[in-house]
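Here is a short briefing on the structure shown below. It covers one chain as a whole, then one helix, then two backbone outliers.

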Amino acid sequence: MAAPLASGFAGADKPEYADYSRCIHCGLCLNHCPTYRLWHQEADSPRGRIRQMHLVDEGRLELGAGFVTHIDRCLDCRACETACPSGVEYGKLVELARTQIEQRYKRPLASRAARDFVYRRLLPYPKRIAAAARILWVYQRSGLAALARSSGALRLLGLQQRERLMPEIDSKFFFSEMGKTYPARGARRARVAFFAGCVAQVTFSDLNRATIRVLQANGCEVVVPANQVCCGALPAHAGVRDVARDLARANLAAVPEKDFDAIITNAAGCGSTLKEYAHLFGGNDASHQPAARFASKIRDVSEFLAELGLTAPLRTLPLRVTYQDSCHLAHGQKIREAPRKLIRAVPGVELVEMPWADQCCGSAGVYNVTETKASLELLGLKMGSVRETKAQAIVTANPGCILQLRAGAEIHGTGHEVLHVVELLDRAISRRD
Amino acid sequence: MPANETRQSTAIDSRLLRDLKKLLGKDGVLHKPEDLLLYEYDGSVEVARPDCVVFPRTAEDVVGIAQLANRHKIPLVGRGAGTGLSGGAIARHGGIITSFARMNRIVEIDADNQRARVQPGVVNADLSTAVEHLGLHYAPDPSSQKACTIGGNVSENSGGPHTLAYGVTTNHVVALEIVLPSGELVHLGSTALDAPGYDLTGLFVGSEGTFGLVTEITVKLTRLPEAIKTLLAIYDSIDDATETVAEITARGITPAACEMLDGWTIRAVEDYVHAGFPLNCSAILLIDVDGLREVAEAEAKDVEDVCRRHRAREVRVARDARERDLLWKGRKNAFGAAGRLAPSYYTQDGVIPRTKLPATLRRISEISKKYGLQIGNVFHAGDGNLHPIILFDERNEKQFRDTIRAADEIIEFCIQVGGSITGEHGVGMEKDRLMPLLFSEADLNLMRRVRDVFNPTGLLNPGKILPDSKGCGEIYVRPQPASAAPPA
Amino acid sequence: MSMTSTEIASRLAEIAGAANVASDPAQTAAYRVDGKTPAAVARPGSSEEVAGIVKFAAAERLAIIPTGARTKLGIGMPPRQYDLALDMTGLDRVVAYDPGDLTLSVEPGITLRKLESVLGEHKQFLPLEVPFMDRATAGGTIASGVDSPLRQLYGTARDYLLGMEFVTGDGVATKSGGRVVKNVTGYDIHKLMAGALGTLGVITKINLRTFPMPRMTRTYVATFRWANGACEFRHAIARSHLRPQSIEIIAARDSSLLRLDDRPEALFDKGRWSVLVSAAGEAGVLDRYRSELETLARGADRNALESFTELSDADQERLTSYIREFPALAPKASQPAAILKISALPKSLVGLAEGIRSMAIKHDVPWAVMMRGVGVTYLALMARDQSAESLRHLKDACSSALRCCVERMWGRGVMLWCPPEFKREMNVWGESSSDFALMQKLKNVFDAHGIFAPGRFVGGL
């Protein structure tokens, strides 16, 4: 036997033997992995990615371009966790692998600059998000967008499809609602904090408002804690753990969890990270216990409402819908029934399941921007499944998914309306037509 | 690198590589070491690295691949999803792995005649899903059915829990399109039944990839049952549970499935799946009866009666599909759940006459004590197919060796009581050394000559099923699993 | 062959004992195959004796045909050479029977009736309702590949065959499979032996899965005015949740071919298409079958249904045995007759039925047909009388039917039984398929000297 080789990993934030050796390479994850289903290569399957981490750790594989490519291509949708009989925490492993890449691999300059800007200079700062959004808003409303599209400039730059996947910036940001309290309608049944998200504040302010209205209508007093920041999901998924930790600490300080029955989020991606805040800190870290307490209060809005029970009267909405499981709700938080239960609760709404409803639509955080081609292929498959149901609208549970599916409806010309579960409820509750 | 890897081939011939790329396109060929490392394993504990991995999309591609491999005298190995448990899809002596993952089209569904024509890379469960709206399914349901491919099932003659009543793969395959290692494309069997001539389809199914590469499969589709009843019987004694199985069989009830888990496994599963299994029992039986509503109801009553007569503490009947799915989830996740409790586990796949169940389980318990190894029992009790799970820590060399010894002792007992060394996982590169325990040299010789009819050079999936003709009784050193050496 | 029959007999006597060997033409005549009589007959009592005899035959290049009850020797082409009949009825023991495991191991010479009684004691059975039931042996049944109406539910012998022991052409005793119900150890060579007509080896032991005997069985008959109704009824059953034991569609141009003296009249009158469905289970289950089958029959083709009946016990027994023996109508018929077996897909049965009707009318021969629900069809054709002209009509009809199998795409056709003289100009197996080269190579592996029933099987194997 040759002498043991040196591990390609270093430091504390790395995939650990105890975690990855739980994978028994049975392969049950393969057919559930969107990227394996696209390319059918082990390297782009959960089993193959875990094996690569293992090999890097053993020193048999270099932490180089190949490894980075396959780990980058992972959507972190965690469908493999649902399929795994051994309980491998894949999401945790891939985030730690990305942390290693972040620390030990030198990406090309442009990529480094972009990542640095987004994860370190933009997301952590609400004001900068607002500023960036204003610029985009001007682009989108000033006619510049139309000009760029019609002139073919985007196509020349290879940005045409990518541009379609960009969020549309709201005219009225949600930042203005921070620190406010919204009373329960009728008898108060619960007091909750609303976690508003970061990018969502500039792109999904209507959704946020709808969420608050639905909660109020069902007897919840809703507080939007001031000083809350980005949940840290995007940096954590990208392996930028130090930023994620800073953001988590800021949120722990901003939301006194003991004052609330629950902390509500309408973004499945945020919810899954918030629920796993304790993972960010080692057992000995001073923030570990507070993070665990905080996490225990986090509820996805669907989960919370399904558990609480709807009391607001709902009017009939004649609509045939299909539900797209948001990955971080179905796989990350294991919540599948709650949103379906809420959808079925609306009189007149017919829920038709699509095949592979719990396969990723290709949105996956910033995946649609970083891996546009794969993202669009997945979106194409998804829209095919949607079509089979002959539904008029797609309901889902995460802003990222909504953006992606709206782009899908546009690119494929299917004309589907895309709604969040609470938007559907809001519509059924709302007095204004 | 495991020291005992026997392959001599080093780098693959550059001309061969060029020709393969010409045939399949650049993205149809993998040859960089970092990619090949990901094809050195399957679902088993075996390991060996190929020299090249190719991804055909059509039967013509496969013909081309076979011709090239043949011309270059290089081993050729087929692979589906790589979920097999005996190393069937591993390139034991290197060479080209042909991955059928991209040949995954359902070619035709003929509901009227209850047939489907599929490419080999179609995932087992995907076929059943695709025909569900027609009230049909593809009956063989290996536990890996959500990932494993029908091509792989054909090669291994895969079983599954419900094959007790519905039969294994060979009972559901009527015709095959195969490519011989010479590159010749041949059709075996026919879509209609009873093709005149030797039953080559029957011979081919279960040949573990040593006869030919399958490029298309015609299977029977089975009507879904009108009603399914799932019963969970809970016991305080393993003997009571095994005797129940024996009596169910003897009474002439053929359940659709009859699975048993012992107390230790139940606790491991419950902790993880929360299927509602009681923690303080010694064994459970999970039994499906199905068919016409009236039949399922009557059989459920009969089964319940037998369970109670054999001192079942409690018999629960699943009230709806959700409860049933949960119970079955507990069963299907049993191996993974057990795997969580130790760094490694080894699953045996012995078969015994069902009348020998009680004696065999007692023997397994003795073996467990003898080596001080935890052995869990999860198995297809209805057809006597045992899957003892031996837990071990691969970093502990003695324990690793003891595990293999214990596994062998269990198999020896199976043979002693008239059983067999593998019920559904296949011989592969795992049990070829055990073949002489069941078959004489004459038997093995005939098998070798039959293989040579299809695979005269022996270069198609070499080192599988049949022990090296000279090597009987040689001491076998199992390659260490990749995870054997934890990083320093 | 350079040895005389006396020499052969004396050598055989050394192996199997003189009492078990005969070369007297009066005795060997009973082993005739398509007009060829063997020089000697040996009746071995053990697999060692079988191996010894085969070794001897291989050395002397004597051609062997293993036989059981000799009921199906008319199947296949005439042997190119035939020196030695191997009468396997001496190996007729139950080697092992584990009723609790539902597994059985027998020697090939045991009769199905004997097995029936052994298994019956434990309320078990084999779903082998095959022609010549009263005489047939297990080995002959499996080697000849005849099927059973019960295949609708249980499949054919290959589906419940667990393993086998056999002697190959070099006189070596070998085996494959095992005796447990689930097993993937080694190649399933025994599947090759099933239906190989003794051309690969001499079977010396057969391991089978047995089945619990159903408590009650009922047969229902729906009679239709034309074929379409009958076939639609078959399809409706296939689409339902019912799991009958057997579905048989029967029609006859000339009811004399049906040889039913006191038949339930309406069922088999000229031109009628009857569907016989049998089901097993408790009374409540059978009630369900009765009512649902009747509904399906009415819905199949409203104008075509004439009657729907549940058979009495006596009628059921008579009809069951009739259906069982149908594939052997030809060798049992009083006139020269033939049976063509056609493998087709269920959906094409209607077209096949029409094709058969018009073909038979054109050739002016009495005919009857039985179509199994799984798509396997037996067409019986009979000469009107013993005259040369009638025989010629029969032969023309046979050739035409075989041709239609290919040209009209009826399905794969095999002339299972016909007057031996037809075989001079007719290949009873039809055309060979693309996998024939592999079959030839396999034959060589098992029987390098070509001593097992040479020429009888597909493509002259």
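Chain B has 488 residues and a radius of gyration of 23 Å, which agrees with the value near 23 Å for a compact globule of that length. The model is predicted. Chain B holds 16 helices and 19 strands.

**Chain B: dimensions and packing**

- The C-alpha trace of chain B spans about 70 × 60 × 45 Å along its principal axes.
- Of the 488 residues in chain B, 67% are buried.
- Take the contacts in chain B with a separation of 6 or more: 72% of them join residues 24 or more positions apart.

**Chain B: surface and charge**

- Chain B exposes an accessible surface of about 16,300 Å².
- Carbon and sulfur atoms account for 49% of that surface.
- Chain B carries 55 positive and 65 negative charges.
- The mean positions of these two sets of charges lie 3 Å apart.

**Helix α11 of chain C**

- Helix α11 of chain C covers residues 313-325, a run of 13 residues.
- Its end C-alpha atoms are 18 Å apart, and this agrees with the 18 Å expected at 1.5 Å a residue.
- The buried residues of α11(C) are Gln316(C), Leu319(C), Tyr322(C), Ile323(C), Arg324(C) and Glu325(C).
- Helices are among the elements that cover these buried residues, including α4 (112-120) and α12 (329-332) of chain C.
- Strands also contribute to the cover, including β12 (217-224), β13 (246-252), β14 (273-280) and β17 (367-372) of chain C.

**Positive phi outside glycine**

- Most residues other than glycine have a negative phi.
- Arg78(A) has a positive phi, near 65°, and is not a glycine.
- Arg78(A) sits in the loop between α4 (65-72) and α5 (79-83) of chain A.
- The relative accessible area of Arg78(A) is 5%. The cut-off for buried is under 20%, so Arg78(A) counts as buried.
- Met409(C) is not a glycine either, and its phi is positive at about 55°.
- The loop between α14 (388-407) and β19 (412-417) of chain C holds Met409(C).
- The relative accessible area of Met409(C) is 70%. Exposed means over 50%, so Met409(C) counts as exposed.

**Points to keep**

- Arg78(A) is buried, whereas Met409(C) is exposed.
- Both have a positive phi: near 65° for Arg78(A), and about 55° for Met409(C).
- For chain B, the radius of gyration agrees with the compact-globule value.

Technical notes:
Residues are numbered from 1 along each chain as its sequence is written. Chains are lettered from A and ligands numbered from 1 in the order in which they are written. This is a predicted model: local features need pLDDT of at least 70, side-chain atom pairs count only at pLDDT 80 or more; totals for chains, interfaces and linings use all residues. Side-chain values use heavy atoms; hydrogens and water are left out. Helices (H or I, at least four residues) and strands (E, at least two) are DSSP runs, numbered from the N terminus. The radius of gyration is taken over C-alpha atoms; the globule rule is 2.2 Å times the number of residues to the power 0.38. Buried means under 20% relative accessible area, exposed over 50%, partly exposed in between (1.4 Å probe, protein chains only). Contact means heavy atoms within 4.5 Å. Accessible areas come from the Shrake-Rupley method with a 1.4 Å probe; for residues, only the protein chains shown count as cover. Lys and Arg count as positive and Asp and Glu as negative; His and the chain ends are not counted. The place of a charge is taken as NZ of Lys, CZ of Arg, CG of Asp or CD of Glu. The expected span of a helix is 1.5 Å times one less than its number of residues.
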